Amino acid sequence: MLNWFPDLYITDAAHRDSDKVIEKLNKGKFVPSRYLVTLASNPADQLDLVSTVWLKQEQCARHLPPVIGIAASRADAVNLVIRITEECLAETGTTDLRSYVKSRR
């Protein structure tokens with residue numbers, strides 16, 4: 001089972017089937033063509049974009065950082081990170097995304 005932030009960011013394109021996607025991913029089933037936005041696995045970075053294809057590897061799924069968002073494609077995921085960055089900048093005056101996202105928990 002993946003670690004999901006309670007206040008998950010979901011893009012418009014991924015919203016219609018997001019509950020099914022979360023359920024399938026939690027059961028370890030393959031979900032093609034989706035990207036997850038996670039806290040970065042490297043403390044020097046802020047966020048990672050992870051294709052759900054990588055979750056077919058048990059090791060990757062087991063060590064995936066907390067998921068903060070779901071997107072329908074890589075471009076959609078990049079736009080989601082831009083949205084989070086703009087939101088963070090407007091609310092905090094900084095681009096410390098990691099701290100901002102954690103504070104929303």
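Which residues line the largest cavity? Hold that thought while we get our bearings in the fold. One thing to keep in mind from the start is that this is a predicted model.

Let's begin with the sheet. It is an open one, built from 4 strands in the order β1-β4-β2-β3, and the pairing is mixed. On the outside sit β1, covering residues 4–10, and β3, covering 47–51; these are the edge strands, so called because each pairs on one side only. If you look at how the strands lie relative to their neighbours, they are turned by 25° against each other on average, ignoring direction.

Now zoom in on β1. Its link to β4, which spans residues 67–71, consists of 3 bridges, and the two strands run parallel. To find one of the pairings on your screen, click on tryptophan 4: its bridge partner in β4 is valine 67. Packed on this sheet is helix α2, residues 18–26, which touches β1, β2 (35–39) and β4. The direction of α2 makes about 140° with that of β1.

Staying with α2, have a look at serine 18, which is found in this helix. Is serine 18 buried or exposed? Serine 18 has a relative accessible area of 4%, and because anything under 20% counts as buried, that is where it belongs. Measuring tool at hand? From C-alpha to C-alpha, serine 18 and leucine 2 are 14 Å apart in space, with their positions 16 residues apart in sequence.

Follow the chain out of α2 and you get to the loop between α2 and β2, the place of serine 33. Its backbone deserves a glance. Most residues other than glycine have a negative phi. Serine 33, though, has a phi near 60°, a positive value in a residue other than glycine. Serine 33 counts as exposed because its relative accessibility is 52%, and the cut-off is over 50%.

For a contrasting loop residue, go to threonine 11, in the loop between β1 and α1 (12–15). With a relative accessibility of 4%, threonine 11 counts as buried. What does threonine 11 touch, leaving out residues up to four places away in sequence? Its contacts are Ile70, Ala71, Ala72, Asp76 and Leu80.

On to the empty space. Rolling a probe the size of a water molecule over the atoms shows where such space is left. The largest pocket holds about 200 Å³. Its lining is made by Met1, Leu2, Leu25, Asn26, Gly28, Lys29, Phe30, Thr52, Leu55, Lys56, Ala61 and Arg62. Two elements, α2 and α3 (58–62), give two or more residues to that lining. Sorted by class, the pocket lining has 6 nonpolar, 3 polar and 3 charged residues.

That brings us back to the opening question. The count comes to 1 cavity of 30 Å³ or more, and about 30 Å³ of space lies in the largest cavity. Its lining residues are Phe5, Pro6, Asp7, Tyr9, Val101, Arg104 and Arg105. Strand β1 supplies the largest share of them, 4 residues. As for chemistry, the cavity lining splits into 4 nonpolar and 3 charged residues, with no polar ones. So the edge strand β1 turns up again here, having already appeared in the bridges to β4 and in the contacts of α2.

Conventions: Residues numbered from 1 in each chain as written. Predicted model: local features only at pLDDT ≥ 70, side-chain atom pairs only at ≥ 80, totals over all residues. Heavy atoms only, no water. Axes fitted to C-alpha atoms, helices over the stretch in contact; angles between N-to-C directions. Contact = heavy atoms within 4.5 Å. Buried < 20%, exposed > 50% of the residue type's maximum accessible area, 1.4 Å probe, protein only. 1 Å grid on protein atoms, 1.4 Å probe; cavity = no way out; pocket = protein on both sides within 12 Å on 5 of 7 lines; lining within 4 Å. Points joined across faces, edges and corners; volume = space filled by probe spheres on them. Nonpolar A, V, L, I, M, F, W, Y, C, P; charged D, E, K, R; others polar.
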